[in-house]
Amino acid sequence: MPAIRLPDGSTRTYDAPVTAAEVAADIGPGLAKAALGAKVDGVLRDLAAPIETDCELALVTAKTREGEPDADALFLLRHSAAHVMAEAITNLFPGVQLVYGPPVEQGFYYDMALPEGTAISSEDFDRIEQEMSRIIEEDRPFSRYEMPLARGMEKLRTEGSKYKLDNAERAADAGSTELSWYATGTPGTHWEDLCRGPHAPSTGRIGAFKVMSLASSYWHGDENSDRLTRVYGTAFADRKQLKQHLERLEEARKRDHRVLGRQLRLFHIDEQVGQGLILWSPNGAVVRQQLQEFISEELRKQGYHQVFTPHIGKLDLYRTSGHFPYYQDSQYTPIVDRVQIDELAREGCSCGDLANRLEQGEIDGYLLKPMNCPHHIRIYASEQRSYRDLPLRLAEFGTVYRWEQSGEIGGLTRVRGFTQDDAHLFCREDQIAEEVRGCLSIVKLIFGTLGMHDYRVRVGLRDPDSTKYVGDPANWDKAERACRDAARELGAKFTEEPGEAAFYGPKIDFVVKDVIGREWQLGTVQVDYNLPERFELEYIGADNARHRPVMIHRAPFGSMERFVGVLIEHFAGAFPCWLAPEQVRVLPISDKSEAYAAEVLAKLKALGIRATVDDGSERIQAKVKVATDMKVPYLAVVGPRDAENREVSIRAFGIERNLGSIGLDDFLEAVDAENSSRGGTRLVDRFDAGTH
RNA sequence: GCCACCGUAGCUCAGUGGUAGAGCACACCCUUGGUAAGGGUGAGGUCGUGGGUUCAAGUCCCAUCGGUGGCUCCA
């Protein structure tokens with residue numbers, strides 16, 4: 001009967017169906033005790049699930065060989081912990097309706113509908129945890145039982161569980177012919193939940209857990225549907241892993257760009273200025289400026305032309321582009337001429353009328369620009385273009401404004417005014433592949449220089465079943481191929497996502513994670529067949545006929561705000577020397593060395609190095625501490641001895657000791673070289689100090 | 001926009017109805033010290049804002065603005 005192949009290559013044959021638990025017991029009592037679940041032909045199952053046919057079986061235990069928690073084990077533990085939490089909350093909050101409680105990357109959550117007038121608050125976490133502990137201590141088995149679809153539905157209807165019934169209907173739509181429940185203990189006696197499984201064998205296996213946070217969610221993710229309460233928790237096999245997890249969260253908080261932004265005085269968001277509007281302090285402005293210069297240099301090398309365009313444009317421009325009114329909800333409201341407003345007021349025009357007439361195009365106004373493309377398009381259209389002019393690449397660090405929902409705004413990653421490293425490439429159909437490749441080469445260079453390798457690439461392709469797309473399908477095929485090939489050449493991990501293309505063309509997105517694991521889209525490269533059409537762009541071809549160019553929108557780093565936010569976290573605030581707001585701080589031992597310190601400073605400044613002197617009356621220990629807190633890459637300590645020998649004594653951020661002395665001229669040369677090569681050569685490498 | 005939580009000195013935070021606190025930062029003084037904080041003194045707050053309850057509100061209630069986590073959204 002079943003021949004079961006194990007990961008070590010051996011095979012066990014059984015005369016009758018067995019469970020994974022029995023196989024584990026056959027292999028050894030230690031494994032039987034440690035097993036949480038089983039992978040049968042790669043599918044995660046209950047330990048108690050019967051195995052009837054030949055298969056490959058791997059038993060899931062909490063620890064991998066590398067000592068990291070096993071992903072499947074965490075899945076089982078967290079899914080099970082979600083049930084335990086749901087039971088605990090059901091006990092404590094009568095009338096709760098359960099909705100859905102899956103494991104997620106950092107733990108699990110459970111969505112539930114609370115009776116009108118009740119609410120869970122974070123002050124309830126303690127008693128929820130206590131109740132959970134009680135259930136876990138009882139070490140009740142997770143017992144699965146099944147029912148044919150119709151009977152199962154009937155049961156749910158009788159119980160009046162609206163949301164579970166919906167879940168069951170969805171399962172039925174997906175082709176399920178039966179429904180399964182998991183009782184936490186004995187079916188009929190203990191708490192149970194409609195659930196596909198799988199689960200850990202019993203509640204006692206949940207070694208450590210914690211209720212983490214509260215949130216609201218919408219049923220089916222639809223904001224017009226029921227509002228649900230979502231409780232987040234996490235679970236691990238043991239306390240040590242949980243503790244490690246919590247410590248990691250704490251560490252992450254320290255490198256959160258909002259925390260570092262304040263500490264290092266990089267940027268400021270001011271209530272009096274407005275939500276989501278970033279004020280770049282001098283330190284942050286340096287970082288942004290250095291990045292922009294770096295990017296600009298590369299753009300020049302690639303034949304881009306930089307342009308400048310204003311922050312507003314006529315509403316009609318955006319009617320032509322389609323941004324207004326299609327994306328009206330995410331734009332600031334239009335600015336209407338004062339004289340016209342006065343006139344309208346005299347006519348008794350209401351706000352509603354005004355909005356309506358703006359929409360109808362009866363009144364013109366100006367819009368804070370939500371995108372730079374229309375302005376760039378008008379630059380393209382300002383001259384007659386020949387095929388010889390193409391590709392024309394217009395670049396601008398263009399600032400745009402979008403009305404983001406207030407609950408979305410935060411830090412540098414989601415803002416209402418931001419500067420894109422934008423460019424629009426106007427090219428011929430046959431130039432798309434080359435241009436897309438060029439866009440990605442900039443990304444590769446800049447991410448490479450910054451040491452950012454942990455990003456993923458999404459290639460958005462059209463949905464083959466949809467007809468919403470503009471442009472010739474044959475061209476789409478070519479453009480999609482160009483995007484896919486360029487992404488492959490880039491060498492980063494990428495996924496193709498059909499249906500994720502914009503209606504006007506395929507695109508490539510770059511996605512990175514922040515310190516708390518949230519993903520952010522940085523840049524994008526999009527092929528666009530639509531706007532050239534809307535603006536009736538043309539060029540004269542070699543055949544002396546008029547042709548329509550294709551546009552490529554590209555902002556590989558998205559916005560300077562978000563990109564710098566991600567960079568702050570990437571470097572934990574310790575920028576490499578070439579990017580650092582302050583590159584060198586000169587620290588005189590006492591005021592006896594002030595003159596020499598001033599000389600060192602003057603020489604650094606003459607080279608364009610961003611340097612300061614700390615000539616306070618503190619002791620050197622204090623000066624080092626303060627400079628280190630500000631994460632200054634290099635400290636040049638100077639005392640009488642150094643002045644005598646015309647040397648400086650160097651300390652580099654991240655290396656917790658004095659590296660030793662170096663001649664002043666050597667030092668200047670090394671810092672200059674590091675700065676101008678953007679870290680190509682480094683001062684620390686002159687010392688036998690390793691890296692930082 | 002929705003739900004929960006939070007808002008006290010420049011920053012980090014304590015303060016459960018009875019006359020506002022600490023550390024750091026800041027100013028001044030002493031200290032002239034060789035690599036992660038020497039010592040002293042001082043200044044600094046209508047407790048986010050507006051209402052209400054109360055003899056009395058930082059503290060309780062309502063509204064509003066802002067922040068955090070999530071949901072939804074993101075051309």
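Select P640 together with RNA strand B: a polar backbone atom of P640 lies 3.2 Å from a base oxygen of the strand, a polar contact in the sense used here (a pair of N or O atoms within 3.5 Å; within protein, one must be able to donate a hydrogen and the other to accept it, and residues adjacent in sequence count only if both atoms are side-chain atoms). The model is predicted, so local features need pLDDT of at least 70 and side-chain atom pairs count only at pLDDT 80 or more, whereas totals for chains, interfaces and linings use all residues. Residues are numbered from 1 along each chain as its sequence is written, chains are lettered from A and ligands numbered from 1 in the order in which they are written, and side-chain values use heavy atoms, with hydrogens and water left out.

**The RNA surface**

Add D642 next; an N or O atom of its side chain is 2.6 Å from a base nitrogen of RNA strand B. Then select R258, where a side-chain N or O atom is 2.6 Å from a phosphate oxygen of RNA strand B. Two or more residues each are given to the surface near the RNA by strand 14 (208-218), strand 15 (227-236), helix 8 (257-263), helix 20 (620-629), helix 21 (640-645) and strand 33 (647-652). Here helices (H or I, at least four residues) and strands (E, at least two) are DSSP runs, numbered from the N terminus.

Color helix 20, which gives the most to this surface, with seven residues. To display the whole surroundings, select the residues near RNA strand B (one heavy atom within 4 Å of it): there are 58, and the closest are Y218, R227, S406, E408 and S649. These residues divide into 16 nonpolar, 22 polar and 20 charged. On the RNA side, sugar or phosphate accounts for 51% of the strand's atoms within 4 Å of the protein, and bases for the rest.

**Helix 6**

Move to residues 162-173, which form helix 6. Its 12 residues reach 17 Å from first C-alpha to last, close to the 16 Å expected at 1.5 Å a residue. Which residues of helix 6 are buried? They are Y163, K164, L165, D166 and A168, where buried means under 20% relative accessible area (1.4 Å probe, protein chains only). Among the elements that cover them are strand 8 (97-100), strand 10 (107-113), helix 5 (149-159) and strand 15. Just after the helix, select G175, which takes a positive phi of about 105°.

**T203**

Center on T203, in the loop between strand 13 and strand 14. T203 is buried, at 0% relative accessibility. A polar atom of its side chain lies 3.0 Å from the backbone oxygen of I135. Display also E138, which is 65 residues from T203 in sequence but 7.5 Å away in space, C-alpha to C-alpha. Leaving out residues up to four places away in sequence, T203 has contacts (heavy atoms within 4.5 Å) that include V84, I136, D139, R140, F142 and T184.

**N530 and the cysteines**

Go on to N530, in helix 17 (residues 530-534). N530 is buried, with a relative accessible area of 10%. Beyond its neighbours within four places in sequence, N530 is in contact with V470, F503 and Y504.

Finish with C483, which is buried at 0% relative accessibility. Why does C483 form no bond to C439? The closest cysteine sulfur to that of C483 is in C439, but 9.4 Å is too far for a bond. The structure holds zero disulfides, a disulfide being a pair of cysteine sulfur atoms within 2.5 Å. C577 may be selected as well; C577 is buried, with a relative accessible area of 2%.

Note on methods
Ala, Val, Leu, Ile, Met, Phe, Trp, Tyr, Cys and Pro count as nonpolar, Asp, Glu, Lys and Arg as charged, and the others, Gly among them, as polar. The expected span of a helix is 1.5 Å times one less than its number of residues. Buried means under 20% relative accessible area, exposed over 50%, partly exposed in between (1.4 Å probe, protein chains only).
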